[in-house]
Amino acid sequence: MLVRMKFLQLLSRKHGKLEMLFQTPFCQKQFPYLSLTTSTCLYSKKKKGNGYEQVDQEKYKNLVYSVTSYKTSAQTPETIFEEDNLLYGPPEKCRPPPRAETKTPRKWVPLINSNKKIPPLNSDSSLPMKIPLQKPKMPSVTRILQQTISPQQAFYLERWKQKMILELGKGGFEEYTKNLFLQGELFHAALESIFLSEERAAKEQREDAAISGYLSSVQHVLEDISDVKALESAVQHETLQYLGLVDCVAKYRGQLCVVDWKTSEKPKPLLKNTFDNPLQVAAYIGAINHDANYNFQVSCGLIVVAYKNGSPAHPHFMDPGLCSQYWNKWLLRLEEYMDKN
């Protein structure tokens, strides 16, 4: 007992020791706590290494030097391409997507009729052929194209129609389309009079305000037209069983062509702007070549777009190669029509 009292006296001489002896266990038991410290003994933040130390310095010394030596890059497009080539290798050239396979008609009939006999050319000038169109027993080229029009073309055509109806009203739109057809008929009649040298009729039609602009538009094309062989003449393909009415068959700059006259209020400087007209021309060429009524064959086409305001018409010449391409497309449209009907 005496020894214990002396031990307590010694502890009390050192300030705070006795208090710690009795209070610390009590505090820890009643109020446990965790102590945090910033001492380097308990927590030491590891120094972040330089990422470029792991890079092959010798191999990429120019790149590492340019990145680590400047606050702002001194690279040029040329050096960037060089570094890309070093890091990733030469760029691979982008290969174009594979072309879709060209469809071929199930029933192939050539555009040119190799069995057709052509008599010797007669130097005597004769009137152009004009075979009337009989009551159709087979579908026309126009009907076939209308019933096989692509969904995209049908969409744009319907949108244009609704826009015109909104502007003009239903009755106004009907009057508008009626006038367009009438102008087309007058324009074709005027051209026929010119080719038949009916000077009086041609003069009267030139004075008609409705078509005077169209006639002025095609004057420079008419200068290249010669040797007219057919005007507003019916044709039929005896093998494929379709028919049509050809505007004109004549020589254009020395090449015998099926000529299709078109009127437009908007410019159509490119052949693709004429939509299905090239297929129509190809169909007429094939029909003429397989029609026994015609003692000649045609391998070229011409689409002439005349403008109401009198601006120069756009002539679109179709050479034999182009006609063959559109002939193939026409056969596909014809098959599509036959399958539907």
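Okay, let's start with the inside of this thing: of the 341 residues in the chain, 31% are buried. And before I go on, keep in mind that what you see up there is a predicted model.

So what is the chain built from? In terms of secondary structure, there are 11 helices and 5 strands. Then there's the surface. The chain exposes about 24600 Å², and 56% of that comes from carbon and sulfur atoms. As for how the chain meets itself, take the contacts with a separation of 6 or more: 71% of them involve residues that are 24 or more positions apart.

Let me show you one residue that gives you a feel for that. Find Leu145, which sits in helix H5, residues 141-147. Is Leu145 buried or exposed? Its relative accessibility is 9%, so Leu145 counts as buried. And who are its neighbours? Leaving out residues up to four places away in sequence, Leu145 touches Asp276, Leu279, Gln280, Trp330 and Arg333. You can also look at the backbone here: Leu145 and Asn277 are 132 residues apart along the chain, yet their C-alpha atoms are separated by 9.5 Å.

Next, the strands. Look at E1, residues 225-237, and E2, residues 242-252: these two pair in the antiparallel sense, over 9 bridges. If you want one of those pairings to click on, Ala230 has Val249 in E2 as its bridge partner. Between the two strands of this hairpin there are 4 residues, and Gln241 takes a positive phi near 60 degrees.

Last topic, cysteines. Quick reminder: a disulfide is a covalent bond between the sulfur atoms of two cysteines. How many disulfides does this model have? The count comes to 0. Why is Cys257 not bonded to Cys300? Well, the closest cysteine sulfur to that of Cys257 is the one in Cys300, and at 5.0 Å it is too far for a bond; the cut-off used here is 2.5 Å. Cys323 is in no disulfide either, with the sulfur of Cys300 as its nearest cysteine sulfur, 5.8 Å away.

And where do these cysteines sit, buried or exposed? Cys257 is buried, with a relative accessible area of 0%. Cys323 is at 0% relative accessibility, so that one counts as buried too.

That's my tour. Have a go at finding Leu145 and its contacts with Trp330 and Arg333 on the screen yourselves.

Note on methods: Residues are numbered from 1 along each chain as its sequence is written. This is a predicted model: local features need pLDDT of at least 70, side-chain atom pairs count only at pLDDT 80 or more; totals for chains, interfaces and linings use all residues. Side-chain values use heavy atoms; hydrogens and water are left out. Buried means under 20% relative accessible area, exposed over 50%, partly exposed in between (1.4 Å probe, protein chains only). Contact means heavy atoms within 4.5 Å. Accessible areas come from the Shrake-Rupley method with a 1.4 Å probe; for residues, only the protein chains shown count as cover. Two strands pair if DSSP finds at least two bridges between them.
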